[in-house]
Amino acid sequence: ATMPPLLSAIALAGRHGVLVKSAVVMERLTDTDLVVFDKTGTLTEGAPRVAEVHPAPGRPDEAELLRLAAAAEHPSEHPLAGALLAAARDRGLALPAAHDFTSAPGRGVSATVDGRRVLVGSPALLDGLASVDPSVHRVVDAVQAGGRTAVVVVVDDAAAGVLALADRARPRAAVTVAALTALTGARPALLTGDNAGAAGRLATETGIGEVHAGLLPAEKVDRVRAHQRAGRRVLLVGDGVNDAPALAAADAGVAMGRHGSDLALRTADAVLVRDDLSALPALISLARRARRLVV
Ligand code: ADP
Ligand code: MG
């Protein structure tokens with residue numbers, strides 16, 4: 001017995017490492033004319049490393065800054081948290097327990113460590129502080145201008161320092177972006193909560209056409225909707241809790257299987273089981289072929 005074309009397309013997608021959740025998804029993928037990527041953990045490996053540690057003037061030394069920040073990140077599933085934990089481990093730092101942990105997708109985390117309130121996250125955290133040494137802002141600007149991610153550490157309502165994190169494009173990112181450009185006729189776009197410097201550098205490296213940086217989860221949704229109002233069928237690829245609303249808003253949502261947060265995996269219509277981006281053009285091609293057979 002032969003399988004119906006949509007079912008056999010789903011089975012073939014499985015061989016490429018894509019778990020497609022329903023036949024309807026396969027149909028929607030057919031019309032994709034813009035692919036939109038999240039940055040951290042999706043287009044990048046999501047295995048950033050701490051490249052620089054800059055304590056603020058008169059604040060704890062490098063090891064102490066890293067110890068507090070890593071301890072606060074311990075419960076987080078964000079790729080940046082993994083980088084801080086690895087850096088602390090490499091330096092042989094013993095991490096105290098984190099209490100009252102909370103995380104704000106697209107912004108960062110907060111926790112009580114050694115009786116102190118520690119915030120770790122985007123430079124926007126500095127906006128909420130009474131006064132910040134100008135050198136802290138200068139370090140943030142320099143880190144971002146260098147194409148890296150600046151992570152700010154705040155201890156008891158005072159800026160304690162800045163960490164510079166470096167992440168790499170996934171090995172197949174540029175090839176995949178080129179293949180998707182050819183398939184859809186449009187260069188893919190990049191939506192990220194990270195800064196414009198890091199996003200711009202990655203875009204240049206991978207052939208991305210359009211970049212929007214500094215976005216909160218709801219703003220990613222706004223960008224998807226703007227493209228949809230312009231008549232485009234949007235395929236969104238993401239991994240984070242911060243991508244879940246945009247994955248739901250897109251015409252089709254694909255999550256990274258290995259790096260993906262539980263929420264992204266549940267919200268997405270399909271999952272790249274091996275985090276292999278090159279399965280994306282294969283997926284769209286399979287969907288199109290199935291439709292030709294169905295019609
Ligand atoms: P992306 O959209 O590229 O996947 P996110 O929205 O997850 O990035 O994060 C955006 C920014 O928010 C990060 O660049 C970082 O500054 C900050 N951030 C988010 N979560 C964390 C965290 N757990 N630790 C430190 N910084 C974080
Ligand atoms: Mg991400």
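In the predicted model, helix H3 provides the largest share of the shell around ligand 1, namely 3 residues. Helix H3 spans residues 39-43, and it is joined by helix H5 (79-90) and by the strands E5 (108-113), E6 (116-121) and E7 (149-155), each of these elements supplying at least two residues of the shell. Of the 23 residues that surround ligand 1, those that come nearest are Thr 40, His 78, Ser 122, Thr 192 and Gly 193. By residue class, the shell around ligand 1 is made up of 13 polar, 5 nonpolar and 5 charged residues. Because domain 1 (5-45 + 168-294) and domain 2 (49-166) both give residues to this shell, ligand 1 lies between them.

The two domains named here are those of the domain assignment, in which domain 1 comprises residues 5-45 + 168-294 and domain 2 comprises residues 49-166. Their C-alpha centres are 30 Å apart, and the contact between them involves 15 residues of domain 1 and 11 residues of domain 2. On the side of domain 1 that touches domain 2, at least two residues are supplied by each of H3 and helix H8 (196-206), and the largest share of that side, 3 residues, comes from H8. The residues on this side of domain 1 consist of 9 polar, 4 nonpolar and 2 charged ones. Helix H3 thus appears both in the shell around ligand 1 and on the side of domain 1 that touches domain 2.

As regards the overall fold, the protein chain contains 12 helices and 13 strands, and its C-alpha trace extends over about 70 × 35 × 30 Å along the principal axes. The radius of gyration of the protein chain is 20 Å, which agrees with the value near 19 Å that a compact globule of 295 residues would have. Of the 295 residues, 50% count as buried. Among the contacts in the protein chain with a separation of 6 or more, 61% are accounted for by residues 24 or more positions apart.

In soluble globular proteins, nonpolar side chains tend to be buried together. In the present model the largest nonpolar core holds 54 residues, of which Met 26, Val 36, Leu 235, Leu 236 and Leu 283 touch the most other members. Helix H12, formed by residues 279-294, contributes the largest share of this core, with 7 residues. When neighbours within four places in sequence are left aside, the contacts of Met 26 are with Leu 6, Ala 9, Ile 10, Val 20, Ala 287 and Ala 290. Another core, of 40 residues, lies apart from the largest one, and its members include Ala 56, Leu 66, Ala 83 and Val 154.

A further site considered is Asp 156, which is located in the loop between E7 and strand E8 (158-166). Since Asp 156 has 10 C-beta neighbours inside 10 Å, this residue counts as exposed, the cut-off for that class being 12 or fewer. Apart from residues up to four places away in sequence, Asp 156 touches Arg 116 and Arg 117. Asp 239 lies 83 residues from Asp 156 along the chain, and the C-alpha atoms of these two residues are separated by 31 Å.

Key. Residues are numbered from 1 along each chain as its sequence is written. Chains are lettered from A and ligands numbered from 1 in the order in which they are written. This is a predicted model: local features need pLDDT of at least 70, side-chain atom pairs count only at pLDDT 80 or more; totals for chains, interfaces and linings use all residues. A residue is near a molecule or strand if its C-beta atom, placed from the backbone, lies within 6 Å of it. Helices (H or I, at least four residues) and strands (E, at least two) are DSSP runs, numbered from the N terminus. Ala, Val, Leu, Ile, Met, Phe, Trp, Tyr, Cys and Pro count as nonpolar, Asp, Glu, Lys and Arg as charged, and the others, Gly among them, as polar. Domain bounds come from an automatic or database domain assignment. The radius of gyration is taken over C-alpha atoms; the globule rule is 2.2 Å times the number of residues to the power 0.38. A residue is buried if 20 or more other C-beta atoms lie within 10 Å of its own, exposed if 12 or fewer, and partly exposed in between; C-beta atoms are placed from the backbone. Two residues are in contact if their C-beta atoms, placed from the backbone, lie within 7 Å. A nonpolar core is a set of buried Ala, Val, Leu, Ile, Met, Phe, Trp, Tyr and Cys residues joined through C-beta atoms within 7 Å.
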